[in-house]
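The following exercises are to be worked through with the sequence and the coordinates at hand. Each task is followed by a solution in steps.

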Amino acid sequence: MDLSTSYLGLPLRNPVIASASPLSADLGGIRRLEDCGAAAVVLPSLFEEQLRREQALAERMIDIGADSSPETGSYFPAVSDPRSGAAAYLDLIARARAAVDIPVIASLNGSTLSGWIDTATQIEQAGASAIELNIYRIASGPTVKIGDPVAECIALVKAVRAKTRLPLAVKLHPYYSAFGAFAESLDDAGADGLVLFNRLYQPDIDLASLCWNNDITLSAPNEIRLGLLWISLLGTRLPRASIAANTGVDKVDEIIKYLLAGADAVMVASVLLRKGPEHLKTLLAELETWLNRRGFGSVSAIKGLMKHQAAGAEAQERGDYISGLLSYRGKR
Ligand SMILES: Cc1cc2nc3c(=O)[nH]c(=O)nc-3n(C[C@H](O)[C@H](O)[C@H](O)COP(=O)(O)O)c2cc1C
């Protein structure tokens with residue numbers, strides 16, 4: 001069975017990538033993920049605030065997110081572990097590249113344009129196989145105008161693209177308007193791949209203590225649907241960028257569905273945190289079994305089988321929405 005695929009122009013032995021999480025935070029974890037079958041690993045994000053703390057840089061806030069950056073700096077939790085700084089991160093990239101054969105994708109989360117660019121350059125020098133820009137911004141500031149987040153994101157990708165030759169992935173949450181046009185613009189700006197989607201951090205309120213509860217919950221399979229929809233819609237619209245599906249994989253079913261919708265690769269974090277990296281072996285064996293049973297000889301044979309044609313997609317989705325509502329048979 002041929003499970004191979006490619007993502008960001010990188011050949012992969014299978015479509016399952018270990019998404020950024022604590023599991024890839026050290027060399028032992030990265031080796032284990034490779035041994036269990038991960039086709040590539042994404043390192044946990046390096047946050048610009050981490051760097052600024054470490055370097056005590058007084059950056060001039062002239063760039064993206066300038067209005068929010070000083071605040072994020074002061075809200076960023078103190079980093080007590082000295083190994084968590086930039087030097088350690090760059091060192092981990094270099095050691096991981098020497099230790100494993102699979103691609104090692106560094107993840108960067110900046111807050112100023114200069115921060116993104118400088119660190120991307122350092123990541124390239126450290127020898128990463130690719131960079132994932134973890135673009136995470138809740139654009140809630142009073143000075144943010146409609147359209148600013150999209151324009152800034154495109155400008156950021158262009159700026160980083162101009163400074164590095166590394167394959168560039170952009171990891172996004174789904175809450176941008178006109179997402180299809182946005183994705184096309186990112187492709188045009190030089191993104192080699194999109195990670196769809198990041199999970200937006202959503203706090204809860206603890207009714208006993210009346211405090212905000214900021215804990216991270218792990219994902220559930222019903223969260224794949226927004227990704228499925230957009231991946232199936234984008235399949236015919238992106239001339240060059242590949243797509244890694246992300247969020248909600250628990251069983252092999254979600255991986256198969258994402259591939260059918262048109263994903264080139266599928267990223268997983270929660271399921272590995274829940275069941276351990278060894279579970280990758282089960283997922284890959286089950287993928288192979290499913291392909292065999294259905295008479296497919298490769299992952300490429302199912303990639304995009306269920307994607308939508310761009311023309312008429314909007315009308316079709318509207319029709320599907322209406323028929324979904326009308327055909328609902330609830331339990332009484
Ligand atoms: C504990 C934890 C830590 C994470 N750290 C990062 C991170 O540093 N950078 C990032 O881009 N995503 C991070 N993520 C998000 C995951 O990479 C992934 O995008 C998200 O969990 C959705 O995938 P899943 O449904 O397979 O968990 C983290 C997720 C968890 C649960």
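**Exercise 1. The ligand contacts**

Task: Determine which atoms of Ala-20, Ser-19 and Ser-270 approach an oxygen atom of the ligand, and describe the surrounding shell.

Solution.
Step 1. Begin with Ala-20, where a backbone N or O atom lies 2.6 Å from an oxygen atom of the ligand in this predicted model.
Step 2. Turn to Ser-19: here a polar side-chain atom is placed 2.6 Å from an oxygen atom of the ligand. Ser-270 likewise contributes a polar side-chain atom, at 2.5 Å from a ligand oxygen atom.
Step 3. Consider the cover. On its own the ligand has 610 Å² of accessible area, of which the protein covers 85%.
Step 4. Count the shell. The ligand is surrounded by 19 residues, and the closest are Ser-19, Ala-20, Ser-219, Asn-246 and Ser-270.
Step 5. Classify the shell residues: 8 are nonpolar, 9 polar and 2 charged. Among the contributing elements, strand 4 (40-47) and helix 10 (270-275) each supply at least two residues of this shell.

**Exercise 2. Strand 12 and its partners**

Task: Establish which way the side chains of strand 12 point, and identify strands that pair with strand 12.

Solution.
Step 1. Assign the side chains of strand 12 (residues 265-268): Ala-265 and Met-267 point one way, Val-266 and Val-268 the other way, and all are buried.
Step 2. Examine strand 3 (residues 16-18), which pairs with strand 12 in the parallel sense over 3 bridges. Within strand 12, Met-267 is the residue opposite Ile-17.
Step 3. Examine strand 11 (residues 242-246), which runs parallel to strand 12 and is joined to it by 3 bridges. Ala-265 of strand 12 stands opposite Ala-244.
Step 4. Trace the connection: from strand 11 the chain passes through helix 9 (residues 252-261) to strand 12, a right-handed β-α-β crossover.

**Exercise 3. The setting of Glu-48**

Task: Decide whether Glu-48 is buried or exposed, and state which backbone atom its side chain reaches.

Solution.
Step 1. Locate Glu-48 in helix 2 (residues 48-55).
Step 2. Apply the cut-off. Buried means under 20% relative accessible area; Glu-48 has 2%, and is therefore buried.
Step 3. Follow the side chain of Glu-48, which reaches the backbone nitrogen of Ser-111 at 2.5 Å.

**Exercise 4. The enclosure of strand 7**

Task: Explain why strand 7 can be described as largely enclosed by the rest of the structure, and trace its parallel pairings.

Solution.
Step 1. Strand 7 (residues 168-172) has 5 of its 5 residues buried, so the strand is largely enclosed by the rest of the structure.
Step 2. Separate the two faces. Leu-168, Val-170 and Leu-172 lie on one side, Ala-169 and Lys-171 on the other, and all are buried, which leaves both faces of strand 7 covered.
Step 3. Strand 6 (residues 130-134) pairs with strand 7 in the parallel sense over 4 bridges, and Asn-134 stands opposite Lys-171. The chain crosses from strand 6 through helix 6 (residues 148-163) to strand 7, and this β-α-β crossover is right-handed.
Step 4. Strand 8 (residues 193-196) runs parallel to strand 7, to which it is joined by 4 bridges. The bridge partner of Lys-171 in strand 8 is Val-195.
Step 5. Complete the path: strand 7, helix 7 (residues 179-189) and strand 8 form a right-handed β-α-β unit.

Note on methods:
Residues numbered from 1 in each chain as written. Predicted model: local features only at pLDDT ≥ 70, side-chain atom pairs only at ≥ 80, totals over all residues. Heavy atoms only, no water. Near = heavy atom within 4 Å. Polar contact = N/O pair within 3.5 Å; in protein donor to acceptor, adjacent residues only side chain to side chain. Areas by Shrake-Rupley, 256 points an atom, 1.4 Å probe, with all protein chains shown as cover. Nonpolar A, V, L, I, M, F, W, Y, C, P; charged D, E, K, R; others polar. Buried < 20%, exposed > 50% of the residue type's maximum accessible area, 1.4 Å probe, protein only. Pairing = 2+ DSSP bridges. Right-handed = clockwise from strand over helix to strand, strands pointing away.
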